[in-house]
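Trainee: I would like to go through this structure with you. Could we begin with its cysteines?
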Amino acid sequence: QVQLVESGGGLVQAGGSLRLSCAASGRTFSTYTMGWFRQAPGKEREFVAVISRGGGSTYYADSVKGRFTISRDNAKNTVYLQMNSLKPEDTAVYSCAAKFSPLQLGSTWYSKGTVYDYWGQGTQVTVSS
C-alpha cells in the first residue's frame, strides 16, 4: 500500500513558477514509476510527466515539454514537478500517481491514468493572466 500526498500548489501569475511535491509513504517508493497528471474544470484528466524508478528516464506531454521538469528523490520518498513559464491553460488540479512497473524504453502505458495503482488527492494550481 502506498499513500501519496501532494503539496506546493497555489496561485501564480502567467510566466511564473511553482514546484509541486508528492510525498509517498512506505519503504518501496523506489520500486514505483511515478507520474503527474492534471485535470482542468470540465476537461478530462491528462498526462503531464512520468519518471522511471531510478529517475533516469522521463517523458513529458507535448504541452509542457521544455517548461516542466519531473524529478525524484528516493531517499526522501518524494517526486517533484518543477513548473516554469506557467500559462493560464496550465490551471488544473495536479495529481501524482504510482505504478508498480518499470518504465522501459518504448513503453506507452505511462500516459494512461487508468493503469496506475495509487493516486494522491491532488493540489490546485491556478495561473492568472
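Mentor: Certainly. In this predicted model, the sulfur atoms of Cys22 and Cys96 lie 1.9 Å apart, and the two residues form a disulfide. A disulfide is a covalent bond between the sulfur atoms of two cysteines.

Trainee: Which parts of the chain does the pair link?

Mentor: The pair links distant parts of the chain. Cys22 belongs to strand 3 and Cys96 to strand 9, which covers residues 92-99; the two cysteines are 74 residues apart.

Trainee: How many disulfides does a search of the whole structure find?

Mentor: The search finds one.

Trainee: What is the handedness of the disulfide, and why?

Mentor: The torsion about the S-S bond of Cys22 and Cys96 is about 55 degrees, so the disulfide is right-handed.

Trainee: Is Cys22 buried or exposed?

Mentor: Cys22 has 0% relative accessibility, so it counts as buried. Cys96, at 0% relative accessibility, counts as buried too.

Trainee: Now the sheet. In what order do the strands form it?

Mentor: Four strands make up an open sheet in the order 1-3-8-7, with antiparallel pairing. Strand 1 (4-7) and strand 7 (68-73) stand at the edges; each has a single partner strand, so one side of each lacks a neighbour in the sheet. From one strand to the next, the twist averages 15 degrees.

Trainee: How many bridges join strand 1 to strand 3?

Mentor: Four bridges join these antiparallel strands, strand 3 being residues 18-24.

Trainee: And which residue in strand 3 is the bridge partner of Ser7?

Mentor: The partner of Ser7 is Ser21. Strand 3 also holds Cys22, which brings us back to the disulfide.

How values were computed
Residues numbered from 1 in each chain as written. Predicted model: local features only at pLDDT ≥ 70, side-chain atom pairs only at ≥ 80, totals over all residues. Heavy atoms only, no water. Pairing = 2+ DSSP bridges. Axes fitted to C-alpha atoms, helices over the stretch in contact; angles between N-to-C directions. Disulfide = S-S within 2.5 Å. Buried < 20%, exposed > 50% of the residue type's maximum accessible area, 1.4 Å probe, protein only.
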